[in-house]
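Please look through the sequence and the model that follow, and keep both in view while reading. The paragraphs below walk through selected places, one after another.

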Amino acid sequence: MGQDVDFPGLPDGVRSRFVDDVNGLRMHILESGHSTSGRPLVLLLHGFPELAYSWRKILAPLAGAGFHVVAPDQRGYGRTTGSDVTDLESFRTDNLARDALGLVRALGYDRAHLVGHDFGSVVAGWATLGDQHAVRSLTMMSAPFAGAGIPKSSTDLDSALRALSPPRRHYQHYFAGTSSASDIAQAPQGIADFLRAYFHMKSADWPGNTDARELPGSTAQDLALLPRYYVMDADVGMPETVAPHLPQRATCEWLTDEELNFYAREFGRTEFQGALNWYRALTLPNPASQRDSRIEVPTQFIAGQCDWGVWQSPGALRTMAEVVCARFAGSVLIPGAGHWVQQEQPLPVIEQLSGFLGETEIGGS
């Protein structure tokens with residue numbers, strides 16, 4: 001499929017289709033490299049507020065390196081159907097991992113290279129722990145994965161952040177709340193301008209990200225050093241948080257108006273409850289969190305040098321490298337990129353991914 005009015009900027013060699021019976025879903029995917037049989041599968045898992053489309057700059061080049069590359073709209077997102085937004089249990093991270101592994105099988109593969117960005121990094125980590133034989137290698141991007149242990153209670157942290165002057169709250173606490181989906185869907189500035197400001201404020205284009213660095217600790221005072229899109233003012237929602245930072249110019253080099261409007265149309269159609277259920281489900285008891293196994297497959301981490309997401313969970317990057325991943329190949333921080341690294345700086349991401357995937361294939365483990 002060439003450039004399509006539904007998918008602006010999608011290169012030749014990338015097609016859109018649906019895969020049925022994936023853990024109860026009819027899953028929409030974008031794929032490239034599908035015309036040649038016998039290629040290793042690379043599965044690209046997006047985060048929030050993203051889509052399969054967020055990998056548009058990566059799909060064809062990775063296929064050119066010899067892979068069958070697939071990016072799904074995950075549960076609650078885009079054109080994938082079959083999920084019930086009132087069934088919060090189905091959005092637990094262990095079930096999102098089953099979605100990913102189910103797609104690998106539905107595509108006719110026993111194994112795949114997993115690449116996850118943002119919350120997709122967490123899903124990729126859980127999927128690997130769920131079935132290490134099904135994962136050839138693991139690449140986590142922008143969000144370090146510190147394991148599938150039981151999450152720490154956010155109650156004490158929320159109280160400590162609210163005790164600051166001015167009072168603050170963590171964005172995940174907001175996203176997991178009952179009003180965030182309607183807040184964003186009904187943003188006063190409209191969905192397109194909300195997304196433009198949100199994408200801009202977390203990119204390397206926003207000046208507040210140029211000094212992204214490791215925090216001195218994990219107290220409320222330490223976390224309050226993070227930009228407002230991570231530790232918000234307590235009395236405002238995310239639309240109000242990002243609105244003052246809407247860039248003056250209508251376009252940017254890495255996300256055109258046409259591309260941005262595709263995101264706006266898709267989220268305007270689905271709204272945000274399914275996507276934010278990923279965060280709401282973090283508040284549920286999860287028996288699978290009891291697992292304490294290590295990731296035994298070759299693993300790497302990629303992020304933008306201007307991405308506070310690398311540091312938002314103090315100690316997570318070190319825990320991932322030294323404790324969770326037995327075969328950690330290293331971290332790469334890419335200059336000129338913020339949180340949306342594969343969209344902001346696709347060429348170095350493609351180079352890093354192609355080299356790592358190729359070495360893993362040659363290694364034969």
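Pro166 is found in the loop that runs between helix 4 (155–162) and strand 7 (168–170), and in this predicted model the peptide bond leading from Ser165 to Pro166 is cis, with an omega near 0°. Another cis peptide bond joins Phe48 and Pro49, where omega is about -10°. Pro49 also has its place in a loop, namely the one between strand 3 (41–45) and helix 1 (59–64).

The backbone can be followed further at two residues with a positive phi. Asp21, although it is not a glycine, has a positive phi of about 60°, and it lies in strand 1, which covers residues 14–22. Ser142, which is likewise not a glycine, has a positive phi of about 75°, and it is found in the loop between strand 6 (135–141) and helix 4. Are these residues buried or exposed? Asp21 has a relative accessible area of 72%, and because exposed means over 50%, it counts as exposed. Ser142 has a relative accessible area of 1%, and because buried means under 20%, it counts as buried.

The strands can now be taken together. An open sheet of 8 strands has the order 1-2-4-3-5-6-9-10, and its pairing is mixed. Which strands form the edges? They are strand 1 and strand 10 (328–334), each of which pairs on one side only. From one strand to the next, the twist averages 20°. Within the sheet, strand 3 is joined to strand 4 (residues 68–72) by 3 bridges, and the two run parallel; Val42, for its part, stands opposite Val69 in strand 4.

Helices lie across these strands. Helix 2 (93–106) lies across strand 1, strand 2 (25–32), strand 3, strand 4 and strand 5, and it runs at about 105° to strand 1. Helix 14, made of residues 346–363, lies across strand 3, strand 5, strand 6, strand 9 (299–304) and strand 10, running at about 155° to strand 6.

Just after helix 2, the chain offers a residue to look at in its surroundings. Asp110 has its place in the loop between helix 2 and strand 5 (112–117), and it is exposed, with a relative accessible area of 70%. Which residues does Asp110 touch, if its neighbours within four places in sequence are left aside? It is in contact with Val104, His133 and Ala134. Asp110 and Val135 are 25 residues apart in sequence, and from C-alpha to C-alpha they are 8.6 Å apart in space.

Aromatic rings give another way of linking parts of the chain, and the count comes to 23 aromatic pairs. One of them is formed by Phe119 and Trp278, which are edge-to-face, with 5.1 Å from centre to centre and 90° between the planes. Phe119 lies in helix 3 (residues 119–130) and Trp278 in helix 11 (residues 273–280), so this pair ties together parts that are 159 residues apart in sequence. Both Phe119 and Trp278 are buried. In a further pair, the rings of Tyr198 and Trp340 have their centres 6.2 Å apart and their planes at 55°, so that pair is tilted. It links distant parts of the chain, since Tyr198 is in helix 7 (residues 191–201) and Trp340 is in the loop between strand 10 and helix 13 (341–344), 142 residues apart. Tyr198 counts as buried at 2% relative accessibility, and Trp340 is buried too, with a relative accessible area of 0%.

Helix 11, which holds Trp278, deserves a look of its own. Of its 8 residues, 6 are buried, so helix 11 is largely enclosed by the rest of the structure. The buried residues are Gly274, Ala275, Leu276, Asn277, Trp278 and Tyr279, and they pack against helix 2, helix 3, helix 5 (171–175) and helix 6 (180–185).

Rings may also have a charged group over them. Arg56 lies over the face of Tyr53, at 4.5 Å from the ring centre, while the charged end of Lys202 sits over the ring of Tyr171, 6.0 Å from its centre.

Methods
Residues are numbered from 1 along each chain as its sequence is written. This is a predicted model: local features need pLDDT of at least 70, side-chain atom pairs count only at pLDDT 80 or more; totals for chains, interfaces and linings use all residues. Side-chain values use heavy atoms; hydrogens and water are left out. Helices (H or I, at least four residues) and strands (E, at least two) are DSSP runs, numbered from the N terminus. Buried means under 20% relative accessible area, exposed over 50%, partly exposed in between (1.4 Å probe, protein chains only). Contact means heavy atoms within 4.5 Å. Two strands pair if DSSP finds at least two bridges between them. Axes are lines fitted to C-alpha atoms, for helices over the stretch in contact, and angles run from 0 to 180 degrees between N-to-C directions. Rings of Phe, Tyr and Trp (its six-membered ring) pair if their centres lie within 6.5 Å; planes under 30 degrees apart count as stacked, over 60 as edge-to-face and the rest as tilted. A charge sits over a ring if NZ of Lys or CZ of Arg is within 6 Å of the ring centre and within 35 degrees of the ring normal.
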